[in-house]
Amino acid sequence: MMTAILLLSFGSPDSIESIESFVANIMGGRKPSPEQLQKIKERYQMIGGYSPLLDITRKQAIALEKNLNAGEKKFKVFVGMRYWHPFIKDVLNEISDKKFEDVVSLVMSPHYSAVSTGGYIRAVNGARIELNININISFIKNWHIHPLFIEALAEEIKKGLAFFDGIHASEIQVIFSAHSLPLRLMPDDDPYLKQLKETIDSVIKFAGNISWHLGFQSKGIGRGEWLEPSVDAILEKLSGERKRYVLLVPLSFVSDHIETLYDIDIIYKKMAESLGMTFHRTNSLNDSPKFIESLSDIIKEHLNKEGKE
């Protein structure tokens, strides 16, 4: 029997017109204010009018399915989004209709937090209960230090360092950027921060001796404190220390979307250049062969542990 693989991602609006409904989904049904909506629309207009997240995730799914099916066991890879089409519930219903008995769910974020990854798991389980379907669903929760993922990340860092032609690596400040999370929602034993640092430690072994910093971005509009320091604050600090070369590495983002194409490529780049810095970011992993190979290996290892490979 073929195994279904469900790649889970945040979701993104597919047009300017869909932005209001997309944001309302994120905000639990509340519509954004006219001012909020206008600001969000302007951001999407600056990256071409929509996010490529779904297109990229589908490319990842196609490449992953091809890689997995090179072996004896056969797989079908599906894509489910949390806040926009194709919604997790609809995709799970499709999987059920096609009579799959086993589903492996993989959140397209390498670092686990009860706030982020845990939310996807709750969404999948909630959809299964709502649909009243009897499918065996297992979840891959930890893949932040998988060797092939680390190698894929390290390769992009080496390419990024090479951008600074003639500049010694010791002069380049590497900022690893991760999604900020609200502290009030994170349990005391949440592994998110620990896993981020474990990924960095593993990458450094491949990428070489670098000067690095961990910063957080894309803070939401929720109340209370969020993970810090922000990437903005790090850029200002480095400027004060007369550092002039910055390489930004999207650590918790494996696909290009609004948070890389706008937050990093437009806002942080503009800020860094206004501070007199030369700024560059590494390519997102997207559907690069090494990354796809890592996902395939992660899934196979998971099935071996489950005794189903």
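This briefing covers one pocket, two individual residues and several salt bridges of the structure above. The model is predicted. The second largest pocket has a volume of about 240 Å³, and the whole structure contains 10 salt bridges. Helix α11 (residues 289–306) recurs below, as it supplies part of the pocket lining and holds Lys290, a partner in a salt bridge to helix α6.

**Second largest pocket**

- The lining is formed by Ile140, Lys141, Asn142, Trp143, His144, Ile145, His146, Ile298, Glu301, His302 and Lys305.
- Helix α11 contributes four residues, the largest share of this lining.
- By character, the lining comprises four nonpolar, four polar and three charged residues.

**Asn286**

- Asn286 lies in the loop that runs between β8 (278–281) and α11.
- The relative accessible area of Asn286 is 14%, which is under 20%, so the residue counts as buried.
- The side chain of Asn286 comes to 2.9 Å from the backbone nitrogen of Asp256.
- Leaving aside residues up to four places away in sequence, Asn286 is in contact with Ile56, Gln60, Val254, Ser255, Asp256 and Phe291.

**Tyr245**

- Tyr245 belongs to strand β7 (residues 245–250).
- Its relative accessibility is 23%, and Tyr245 is therefore classed as partly exposed, the range for that class being between 20% and 50%.
- Beyond residues up to four places away in sequence, Tyr245 touches Phe164, Ile167, Glu171, Ile172, Gln173 and Thr278.
- The C-alpha atoms of Tyr245 and Glu273 are 10.0 Å apart, with 28 residues separating the two in sequence.

**Salt bridges involving helix α6 (residues 147–163)**

- Glu155 and Lys290 form a salt bridge through their side chains, at 4.0 Å from N to O.
- This pair connects distant parts of the chain, since Glu155 is in helix α6 and Lys290 is in helix α11, 135 residues apart.
- Glu155 is partly exposed at 36% relative accessibility, and Lys290 is likewise partly exposed at 22%.
- Glu151 joins Glu155 and Lys290 in a network of salt bridges.
- Glu156 pairs with Lys159, their closest N and O atoms being 3.5 Å apart.
- Both Glu156 and Lys159 are within helix α6, three residues apart, or about one turn of the helix.
- Glu156 is buried, with a relative accessible area of 8%.

**Salt bridge between Lys98 and Glu94**

- Lys98 and Glu94 form a salt bridge in which the closest N and O atoms are 3.0 Å apart.
- Lys98 is partly exposed at 45% relative accessibility, and Glu94 is partly exposed at 33%.

How values were computed. Residues numbered from 1 in each chain as written. Predicted model: local features only at pLDDT ≥ 70, side-chain atom pairs only at ≥ 80, totals over all residues. Heavy atoms only, no water. 1 Å grid on protein atoms, 1.4 Å probe; cavity = no way out; pocket = protein on both sides within 12 Å on 5 of 7 lines; lining within 4 Å. Points joined across faces, edges and corners; volume = space filled by probe spheres on them. Helix = DSSP H or I, 4+ residues; strand = E, 2+ residues; numbered from the N terminus. Nonpolar A, V, L, I, M, F, W, Y, C, P; charged D, E, K, R; others polar. Buried < 20%, exposed > 50% of the residue type's maximum accessible area, 1.4 Å probe, protein only. Polar contact = N/O pair within 3.5 Å; in protein donor to acceptor, adjacent residues only side chain to side chain. Contact = heavy atoms within 4.5 Å.
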